[in-house]
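Student: Please pick one part of this model and look at it closely. Then connect it to what surrounds it. Keep it brisk.

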Amino acid sequence: MSALLKINNLHIFYGSIEALKGISLEVNEGEIVTVLGANGAGKSTLLRAISGLLPIKKGKIEFEEKELNNVPAFEIVMRGISHVPEGRKVFATLTVEENLNLGAFTDRKNAKLVSERKERVYNLFPILEKRKNQLSGTLSGGEQQMLAIGRGLMSNPRMLLLDEPSLGLAPLLVKQIFKIIYEINSQGIAILLVEQNARKALGIAHRGYILETGNISISGLSPELKNNKKVQEAYLGGAALKKIK
Amino acid sequence: MRIFLEQMINGLTIGSFYALIALGYSMVYGVMKLINFAHGDLFALGSYLGFTLLVWGNAYVTTNFGLAGGMIAAMLIAAIGIGMAGILVERIAYRPIYPAGRLPAVVSALGVSIFLENMIMVIWGPRYQAYPVNVVPTVRFEIGGIHITLLQIIILILSFILLAFLYYIIQKTTFGAAIRASALDRDTAALMGININTVIFFIFALGPALGGTAGVMVGMYYRQISFTMGWNYGLKAFTATILGGIGNIPGAMVGGLLLGIFEMLGSAYISTAYKDVFVFLILILVLIFRPRGLLGEKIAEKV
């Protein structure tokens, strides 16, 4: 397997505050890789840096062996990376269908291609087809997450960046979303998944990285991480269990 | 009843001027969160460009392309010229100071407004200028006792076509959805592959182009133009934008038409001297009772 996404010694600053302090990670073709960490560890910053929303101070991001540093955000999607942002960020006053069309904005001239992809998204999320003429702001939280993921798939990406897809969803919906992430991955799309729900994320990911205040502290295959004492205590509820005992 | 209907037609006519100008305010505000105070003066500049063409080129154009040709040429040149002027204003006066925040850009917009107004005065002089009479033959129709001029019919049809065209682009095409998306959330729009600079280019070209066309229409309708007209019409069109809901494209159209009708009905039934008072009274009432404007319904984003 060759590395699809390769990040080397990445530093990101907000003003004078260093949010990422030199992190390196890789995502191989066809993999699900998860980045776990507490609030403020820099998980979203990492994804925003990859998709060009943040300036890169130091370090290098490569995708398919081509450098992504200084590529503007609107061109990243053409390179084959699609970013589903934290908090869904659907365009609330646009209809569901318009949101999906925008997901394929760079291919908008090819109407046939767009409608084929829309069909695929509707197959994955049948509820979206039912709601296609509804303003997306009126959807439920779970439906909005489905729309955000569906919109991300509309550009036919090679890699999907998912930022906390389970945020604020009921357990049953979380289960459903993770099942769909697994399904998307089995179609050959690599996934970089940022999550707070470590148990779920390690459940579907091949590998994982633990991000702590801008540094990667631990990395490894999912089963290794699940059995790692520190990971158990900090992210899988081990510490809380110990206290109860 | 006859007076009422005639005033409705008059109101729709000037309302369509307001609507065409209001679209420029609304599009720019929607995407940039900037009130482009220079927009009214771009409209005035369009009126003067059309005036110049009709005065200097009228003989040539009308002998070769007829009266309609002269009118269309004046509007086209105003649209293209003012579209380019709009882009220029954005590049020179707004783009360099975006990083400084919203307020400096508004101040800069006021500066551009004063600059343009004075530029028009220096080039064309401080006196009123008169549009030539023969652009559209002064024909008056009578339909069921209601008088309507040929010029009014032309203005209403042309404005309707332009408004419908813009409505289609903004509300029905994917590029239009991209403009609306950029207005809602610029970062997420970029993630879709939308280049914000293309969107900015488009709104700063199209808004002023419509304004410039309206400038020629106003010149033909009232036949008298002055270098201060940009401020006057700009303020009313801005009121129309607020009335319809700023940032909302259909709102700007409805707001403009309604404002024109209010103004004409007010001056017909109450007093002409107070016609501007009605306009700004409406602005105050809207700001008090419905600050989001008539169509400015906001849908809460679920988190």
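**From a strand in chain A to the contact with chain B**

Tutor: Start in strand β1 of chain A, residues 3-14, which contains Asn9(A). Bear in mind that this is a predicted model. Asn9(A) has a positive phi of about 50 degrees, although this residue is not a glycine. Most residues other than glycine have a negative phi. Asn9(A) counts as partly exposed because its relative accessibility is 33%.

Now the sheet around that strand. Four strands of chain A form an open sheet in the order β2-β1-β4-β5, with antiparallel pairing. Its edges are β2(A), residues 17-28, and β5(A), residues 66-67, each of which pairs on one side only. Take the β5(A) edge. Strand β4(A), residues 58-63, runs antiparallel to β5(A), and 2 bridges join them. There, Glu62(A) stands opposite Glu67(A) of β5(A).

Go on to the loop between β5 and α2 of chain A, where Asn70(A) lies. Asn70(A) also has a positive phi, about 65 degrees, and is not a glycine. At 73% relative accessibility, Asn70(A) counts as exposed. The cut-off for exposed is over 50%.

Next, the contact between the chains. Chain A contributes 29 residues to this contact and chain B contributes 23. Together the two chains bury about 2,400 Å², with 67% of that on carbon and sulfur atoms. Three phenylalanines of chain A, Phe74(A), Phe91(A) and Phe105(A), lose the most area to chain B; together they account for 24% of what that side buries.

What about charge and polarity? The rule finds 2 salt bridges across the interface of chain A and chain B. Arg48(A) forms a salt bridge with Asp187(B), with the closest N and O atoms 2.9 Å apart. The rule also finds 2 residue pairs in polar contact across this interface, both at pLDDT 80 or more. On the chain A side, α2 (73-79), α3 and α6 (141-153) each supply at least two of the residues that touch chain B. Helix α3(A) gives the most, with 4 residues. By type, the chain A side divides into 13 nonpolar, 10 polar and 6 charged residues.

Now single out Phe105(A). This phenylalanine is found in the loop between α3 and α4 (111-124) of chain A. Phe105(A) counts as buried because its relative accessibility is 6%; the cut-off is under 20%. Across the interface, Phe105(A) touches Thr174(B), Phe175(B), Ala178(B), Met192(B), Gly193(B) and Ile194(B). Within its own chain, Phe105(A) is 73 residues from Phe178(A) in sequence and 26 Å from Phe178(A) in space, C-alpha to C-alpha.

Follow those contacts into chain B. Helix α6 of chain B spans residues 174-184, and 8 of its 11 residues are buried, so α6(B) is largely enclosed by the rest of the structure. The buried residues are Phe175(B), Gly176(B), Ala177(B), Ala178(B), Ile179(B), Arg180(B), Ala181(B) and Ser182(B). Two of these, Phe175(B) and Ala178(B), are among the residues that Phe105(A) touches. An α-helix has 3.6 residues a turn, so residues three or four places apart point the same way.

What covers the buried residues of α6(B)? Chain A is represented by α3 (96-103). From chain B, the cover includes α1 (2-32), α5 (150-172), α7 (186-191) and α8 (196-222).

Note on methods
Residues are numbered from 1 along each chain as its sequence is written. Chains are lettered from A and ligands numbered from 1 in the order in which they are written. This is a predicted model: local features need pLDDT of at least 70, side-chain atom pairs count only at pLDDT 80 or more; totals for chains, interfaces and linings use all residues. Side-chain values use heavy atoms; hydrogens and water are left out. Buried means under 20% relative accessible area, exposed over 50%, partly exposed in between (1.4 Å probe, protein chains only). Contact means heavy atoms within 4.5 Å. Buried area is the accessible area (1.4 Å probe) that two parts lose on being put together, summed over both. A salt bridge is a side-chain nitrogen of Lys or Arg within 4 Å of a carboxyl oxygen of Asp or Glu. A polar contact is a pair of N or O atoms within 3.5 Å; within protein, one must be able to donate a hydrogen and the other to accept it, and residues adjacent in sequence count only if both atoms are side-chain atoms. Ala, Val, Leu, Ile, Met, Phe, Trp, Tyr, Cys and Pro count as nonpolar, Asp, Glu, Lys and Arg as charged, and the others, Gly among them, as polar. Two strands pair if DSSP finds at least two bridges between them.
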